[in-house]
Each structure stands twice: as C-alpha cells, then as structure tokens.
Amino acid sequence: DEMAAILRATGFDLIRRYFLLTRPLGNDEYPTLPAGVTIDVMRTDDDFAEWHAAHQDSFSKHFGFTPRPAEQWIPHNLEADAADPEGRFLLRVNGVVAGFVVCTNDNAHEMGGYVHLLGVRHEFHHRGLGELLLRWAIAYSRSRGFTDIDLSVDTGNESGALALYERVGFGPMSEFHLYARP
C-alpha cells in the first residue's frame, strides 16, 4: 500500500493487476476426452508451428499482446530455462488444433508444477476446452509427483481465465501490479 501510494503520488497509474494462483494436487486423474478430441505432447516442427499459430490467435486480444513471427517465438519458447519438453500439449478437435497448455519446471525444485501458457483459439471458446487443458496440466503435474501447481493470471483478462482457475480450485498466493506513468 505504501509503495502504491508513492507511485500514485509521483504520477504513476495502476495499469494491471496479476495474481499468482496455487492449487494443491490430490488424486487428480487425466480427464476423459470427448469424442473427436485428442491431447498430445508436441514433438514435431509441425506441432510447434501449430502451437505458435494457436498462441497468436488465443492471446491476440490480451493486454500488451504483440504478434511475433514463428522463427523468433518458437525457439524462444522451446529453449526457455525451465522448459519441460514432455509438458507441452496440443488439443485437437477433429484433427484441428484448438488449444494448448504448456507446463514448465519453474517450481520443480519445490515439488510443484507450473502452468506457463494455456490458450484456446477464439473460434473454439465456450466449449470447455480451456478447463479440459487445465485439468490435463493438473493431472500431468500430479503424475510427476508434484504436490501443488501454480500459474499467474492477469485479473483484467476478459477471456474468463480467472473464473476458470478459481472454479478448478486455484486460489491466490500473491498479487503483483503493473504501473506506468503517462
């Protein structure tokens, strides 16, 4: 509160609020997939190209989104410090990539899972696919022996992500703010 008051007094405005959310892992099993839906680990160059395209679409309306070409975006994400090559999943509906979830090793040293990215293409919204992917990431983290799973969310995200995370049992661990001066 003190820091926020100082920032406001010096001309900064609160731009966005973010939560770091956490959820304990219990007996979480992989969800049953509906007919026509598959979830597979990304392994091929074609998978990574589909991931990039799905990411660019699903995040295109998010605060601060800047489109990035595949030749920059893909290597950056594949070579990230905490990358988990077995934790990158594509969800397909009747063979068409509809979404993705990426788990990383950010919290592995504390026996925790971490959802780094989760997105669903706009044309596939409101079908429960985001929840399906989230539950897949939860089960994957449990299968690795982790005790909890974390993720961060922009509280102003209009996609309904915060409500989804809360519905699936995530709760706030901490909050951080983004300030800017005009």
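**Reading the labels in a predicted model**

Mentor: In this predicted model, asparagine 94 sits in the loop between strand S3 (83-93) and strand S4 (96-104).

Trainee: Why is asparagine 94 called exposed?

Mentor: Its relative accessibility is 64%, and because exposed means over 50% relative accessible area, asparagine 94 counts as exposed.

Trainee: What makes the phi of asparagine 94 worth pointing out?

Mentor: Most residues other than glycine have a negative phi. Asparagine 94, although not a glycine, has a positive phi of about 50 degrees. Histidine 126, in the loop between strand S5 (112-120) and helix H4 (129-143), also has a positive phi, near 65 degrees, and is likewise a residue other than glycine.

Trainee: How do you know whether histidine 126 is buried or exposed?

Mentor: The relative accessibility of histidine 126 is 81%, and since the cut-off for exposed is over 50%, histidine 126 counts as exposed.

Trainee: Why is leucine 178, in strand S7 (residues 171-180), called partly exposed?

Mentor: Buried means under 20% and exposed over 50%, with partly exposed in between, so leucine 178, at 34%, is partly exposed. Leu178 also forms a nonpolar surface patch with Ile15 and Phe63, and together they have about 240 Å² of accessible area.

Trainee: What makes helices H2 and H3 roughly perpendicular?

Mentor: Helix H2 (residues 45-58) and helix H3 (residues 70-78) pack at an angle of about 105 degrees, with their axes 10 Å apart. Angles of 65 to 115 degrees count as roughly perpendicular, and therefore H2 and H3 receive that description. Among the residues that meet are Phe48 and Trp51 in H2, and Trp73 and Ile74 in H3.

Key:
Residues numbered from 1 in each chain as written. Predicted model: local features only at pLDDT ≥ 70, side-chain atom pairs only at ≥ 80, totals over all residues. Heavy atoms only, no water. Patch = residues over 30% accessible without salt bridge, like charges linked within 9 Å, V, L, I, M, F, W, Y side chains within 5 Å. Areas by Shrake-Rupley, 256 points an atom, 1.4 Å probe, with all protein chains shown as cover. Salt bridge = Lys/Arg side-chain N within 4 Å of Asp/Glu carboxyl O. Buried < 20%, exposed > 50% of the residue type's maximum accessible area, 1.4 Å probe, protein only. Axes fitted to C-alpha atoms, helices over the stretch in contact; angles between N-to-C directions. Helix = DSSP H or I, 4+ residues; strand = E, 2+ residues; numbered from the N terminus. Parallel < 35°, antiparallel > 145°, perpendicular 65-115°, else oblique. Contact = heavy atoms within 4.5 Å.
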